[in-house]
Amino acid sequence: MADITEVDYIWKNGELIPWAEATTHVLSHSLHYGSGVFEGIRCYQNPTTKKSYVFRLRDHMERLHRSCKIACIDLPYTVDELCDATVEVIRANKLPSCYIRPIVYRGYGVMGVDPTGAPTDVAIAVWPWDSYLGADALERGVSVGVSSWRQRTNNSIPPAVKATASYMNSILAKLEAKEHGYAEAIMLNEQGLVCEGTGENLFVVRDGVLSTPPLSDGLLEGITRDTVLCLADDLEIPAIEESLTRADLYIADEVFMTGSAAELTPIGSVDGREIGKPGEVTRALQERFFDVAYGNIEEYAEWLTEVP
Ligand SMILES: CCC[C@H](NCc1c(COP(=O)(O)O)cnc(C)c1O)C(=O)O
């Protein structure tokens, strides 16, 4: 089942082109060897003012640049140029809210593993994308399972790179979770510590304290994860970064996942252990998150890029 709603234009290599023409050669290097990096970002429309804001656009484009640096990909656009291109493609498609997918990939011209000489292609696509983990996931939560697949290690594909190749790991875990009737998988690292979801970071609440695994446990430095840590501080919710075991998930009072696509998705059960309905802390952070994303909290205006 395709989950993409086609729109009119995609931005590619500096220009807006019709969706149907945004193609690439079957011998593109990244199609064969996963030599691309990408981002996932959301644009929200304030339901009252009807103004649209891209959430933490600059932070995402700075992470895209970091991914390219680690992956030795020459990215021919500055952060500012990528931010301007994002606003341009949202406006061209007249989308009040949308999901945004920038991708930087090695294109057609080299077929050896050594990518030297392969061109760099850059595209930014946007499309309407509702709740990533299901229609009522944000409201009711989802069930997850701890995967038998371990997350890639810091010395294989570093988690700091949001690399297309990393998602073979995520796909294997996701399909296994679906096979077991779960909406999402939680992956452990090679030390058996809780890492993250296939496309999300993870938080637990116990006795009023919010905790999330440290980046050194091998997870993507999530921008939503960072947002939640900031908002917890606002709301005077004690928050710590600490390694977690799978048993910590089972005995937590609340568990939720965070990501640009998943937003703040509560977890109702882990491996069949009931966590329960979304709790007070989860709800408070969800509410604050959307208040910030809709532009209702002035102190976070710097996180928002208005789409005129
Ligand atoms: C299909 C999902 C792709 C992408 N996943 C984002 C993502 C996150 C959360 O990062 P952030 O909060 O910066 O978004 C954490 N961990 C992984 C493995 C991710 O893929 C997203 O758009 O959420």
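**Notebook: loops, buried residues and the ligand site**

I began at Gly276, which I found in the loop between β16 (273-274) and α8 (280-293). The model I am reading is a predicted one, and I kept that in mind for every entry below. Gly276 counts as partly exposed, because its relative accessibility is 25%, a value that lies between the limits of 20% for buried and 50% for exposed. I then looked up its distance to Val255, which is 21 residues away along the chain, and read 9.2 Å between the two C-alpha atoms.

**Entry on the ligand**

Next I turned to the ligand and asked which pocket it occupies. The ligand sits in the largest pocket, and the elements that contribute two or more residues to the shell around it are α2 (57-70), β6 (98-106), α6 (223-234) and β14 (254-259). I counted 21 residues around the ligand, the closest being Tyr99, Tyr167, Glu196, Ile223 and Thr224. Sorted by class, this shell holds six nonpolar, 10 polar and five charged residues.

I went on to the polar contacts of the ligand and noted three of them. One of its oxygen atoms lies 3.0 Å from an N or O atom in the side chain of Lys162, and a nitrogen atom of the ligand is 3.1 Å from a polar backbone atom of Gly199. For Ser260 I read 2.8 Å between an N or O atom of the side chain and an oxygen atom of the ligand. How much of the ligand's accessible area does the protein cover? On its own the ligand has 520 Å² of accessible area, and the protein covers 96% of that.

**Entry on the loop between β8 and α5**

I looked up two residues of this loop, starting with Gln151, which lies between β8 (142-146) and α5 (167-179). Gln151 is buried, because its relative accessibility is 3%, and its side chain makes a polar contact of 2.8 Å with the side chain of Glu196. I had already met Glu196 among the residues closest to the ligand, so I can now record that Gln151 has a side-chain contact with a residue of the ligand shell.

Trp149 is also placed in the loop between β8 and α5, but I noted a relative accessible area of 40% for Trp149, and it is therefore partly exposed. Between the C-alpha atoms of Trp149 and Cys98, which are 51 residues apart along the chain, I read a separation of 31 Å.

**Entry on positive phi**

Most residues other than glycine have a negative phi, so I looked up two residues that depart from this. Arg56 has a phi near 50°, a positive value in a residue that is not glycine, and I found Arg56 in the loop between β5 (52-55) and α2. Is Arg56 buried or exposed? Arg56 is buried, because its relative accessible area is 7%. I also checked Arg56 against Ala293, and although 237 residues separate the two in sequence, their C-alpha atoms are 8.9 Å apart in space.

Asp207, again not a glycine, has a positive phi of about 50°, and its place is the loop between β11 (201-206) and β12 (209-212). With a relative accessible area of 66%, Asp207 is exposed, whereas Arg56 is buried.

**Entry on Thr86 and Val7**

I found Thr86 in helix α3 (residues 79-92), where it is buried, because its relative accessible area is 0%. What does the side chain of Thr86 reach? I traced it to the backbone oxygen of Leu82, at 2.8 Å.

My last residue was Val7, which is located in the segment before β1 (9-12). Val7 counts as buried, because its relative accessibility of 13% is under the limit of 20%. From Val7 I went to Trp127, 120 residues apart from it in sequence, and I read 6.4 Å between the two C-alpha atoms.

Note on methods
Residues are numbered from 1 along each chain as its sequence is written. This is a predicted model: local features need pLDDT of at least 70, side-chain atom pairs count only at pLDDT 80 or more; totals for chains, interfaces and linings use all residues. Side-chain values use heavy atoms; hydrogens and water are left out. A residue is near a molecule or strand if one of its heavy atoms lies within 4 Å of it. A polar contact is a pair of N or O atoms within 3.5 Å; within protein, one must be able to donate a hydrogen and the other to accept it, and residues adjacent in sequence count only if both atoms are side-chain atoms. Accessible areas come from the Shrake-Rupley method with a 1.4 Å probe; for residues, only the protein chains shown count as cover. On a 1 Å grid over the protein atoms alone, a cavity is a set of points where a 1.4 Å probe fits but cannot get out, and a pocket is an open set with protein on both sides within 12 Å along at least five of seven lines; lining residues have an atom within 4 Å of a point. A molecule sits in a cavity or pocket if more than half of its atoms lie within 2 Å of its grid points. Helices (H or I, at least four residues) and strands (E, at least two) are DSSP runs, numbered from the N terminus. Ala, Val, Leu, Ile, Met, Phe, Trp, Tyr, Cys and Pro count as nonpolar, Asp, Glu, Lys and Arg as charged, and the others, Gly among them, as polar. Buried means under 20% relative accessible area, exposed over 50%, partly exposed in between (1.4 Å probe, protein chains only).
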